[in-house]
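This report describes a pocket, a surface patch and a pair of residues. The sequence and structure follow.

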Amino acid sequence: MNKYGYRFSFGPWNIHEGADPFGPPVRPSVPFARKLETLKDLGFDAMQFHDDDAVPDLDNKTPAQIAAEAQAMRRLLADHGLVAEFVAPRLWEHPLTIDGAFTANDPKARAYAIERAKKCADIGREMGTNLMVLWLAREGTYLREAKDAVTATHRLLEAVNALLAYDSELRIAIEPKPNEPMDIAYIPTIGHALTIAFRADDPARVGTLVESAHAILAGLDPADEMAFALAFDKLWSVHLNDQNGLKFDQDRSFGSIDLRRAFNQVRVLDENRYWEKGVVGLDVKAIRTQPADLATKHLRNSLATFLRLVEVVRGLDRARIEELRAARDYEELDWLILSALMG
Ligand code: GLO
Ligand code: MG
């Protein structure tokens with residue numbers, strides 16, 4: 001933890017091999033143990049997990065094996081003074097989930113998805129976290145007519161309810177994303193996620209995770225998406241990163257494209273005491289050209305940018321801002337913010 005009280009996390013997928021849809025990996029795989037060392041060395045506090053990051057090949061393991069491996073992972077983290085922030089079911093790689101998991105037309109696929117997510121809840125419990133993140137990767141369509149969108153929406157709500165009923169301690173944070181891999185996803189924004197949350201059987205146990213790039217891809221401002229969730233005490237995690245326009249999900253270093261947009265995310269988080277509510281997750285990836293031995297700087301930069309922006313936010317002249325708001329002198333307010341950012 002740093003002097004501001006924030007805790008930081010990233011996932012094993014944030015140190016990656018650099019493959020893209022048109023080219024193979026360009027960096028060797030980094031063993032999990034080294035990723036853990038890097039996390040610690042860079043000053044992070046927690047690791048984010050997919051279920052199979054913690055228990056590889058879990059579909060072919062017994063409940064006892066799954067529990068034993070999850071416990072071993074918890075001990076490994078504890079040996080490094082670390083914890084798991086959340087565990088997320090990876091519902092987008094199995095052949096059964098080609099056309100969706102909870103919203104697939106095929107009942108076998110839907111049953112698999114629920115069973116897999118229950119196993120993920122078991123893993124979380126063994127690893128000492130009750131937070132499950134649902135990134136609903138394949139819950140959408142390439143072709144509008146392929147699924148009934150009303151039925152699909154109800155199926156998502158039913159899946160959330162099934163998980164809440166399965167584990168009475170479980171908390172679910174829905175991570176919206178408007179597209180990729182699907183053409184159009186069913187839960188594209190925080191408003192969609194919150195509707196599911198408030199209609200769930202136990203609304204107190206369903207919240208959200210806002211990822212900067214996902215909000216930008218939806219044509220929205222990530223700071224306002226965060227603020228909307230914060231207004232209802234529903235921002236339980238964030239995936240900070242950056243995104244250069246409406247194209248593929250880039251997961252660029254936080255603040256590296258639009259510093260003002262990053263500043264406003266930090267401002268909203270800091271003004272609402274986010275450090276008391278959740279972990280600052282970074283979902284960033286090194287650009288493909290970065291040599292292997294230098295491919296952790298995106299994490300270092302993103303964390304440092306966040307902390308520098310906390311300093312900027314806390315150094316703002318609040319009384320002056322109120323004066324400028326009252327006078328509607330937004331050009332002067334603009335200059336105040338720009339001057340703070342330029343140092
Ligand atoms: C992809 C998502 C993905 C999730 C992760 C945790 O676009 O951002 O990285 O955050 O799988 O659920
Ligand atoms: Mg994410």
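Why does Phe198 count as partly exposed? Phe198 has 43% relative accessibility and therefore falls in the partly exposed class, where buried means under 20% relative accessible area, exposed over 50%, and partly exposed in between (1.4 Å probe, protein chains only). The model is predicted: local features need pLDDT of at least 70 and side-chain atom pairs pLDDT 80 or more, while totals for chains, interfaces and linings use all residues. Residues are numbered from 1 along each chain as its sequence is written, and side-chain values use heavy atoms, without hydrogens and water.

Two residues can be set side by side.

| Residue | Place | Relative accessibility |
|---|---|---|
| Phe198 | helix α6 (residues 190–199) | 43%, partly exposed |
| Ala200 | loop between α6 and β8 (206–211) | 6%, buried |

Helices (H or I, at least four residues) and strands (E, at least two) are DSSP runs, numbered from the N terminus. From Ala200 to Tyr330 the C-alpha distance is 41 Å, with their positions 130 residues apart in sequence.

Phe198 also belongs to a nonpolar surface patch with Phe228 and Phe232, and together they have about 310 Å² of accessible area. Such patches take residues with over 30% relative accessible area and no salt bridge, with nonpolar side chains joined within 5 Å.

The largest pocket holds about 1,300 Å³ of space. Among its 39 lining residues, His16, Ala19, Asp249, Asp251 and Lys285 are the closest to its centre; lining residues have an atom within 4 Å of a grid point. Strands β3 (83–88) and β4 (131–135) each contribute at least two lining residues. By class, the lining has 16 nonpolar, six polar and 17 charged residues.

Key: Chains lettered and ligands numbered in written order. 1 Å grid on protein atoms, 1.4 Å probe; cavity = no way out; pocket = protein on both sides within 12 Å on 5 of 7 lines; lining within 4 Å. Points joined across faces, edges and corners; volume = space filled by probe spheres on them. Nonpolar A, V, L, I, M, F, W, Y, C, P; charged D, E, K, R; others polar. Patch = residues over 30% accessible without salt bridge, like charges linked within 9 Å, V, L, I, M, F, W, Y side chains within 5 Å. Areas by Shrake-Rupley, 256 points an atom, 1.4 Å probe, with all protein chains shown as cover. Salt bridge = Lys/Arg side-chain N within 4 Å of Asp/Glu carboxyl O.
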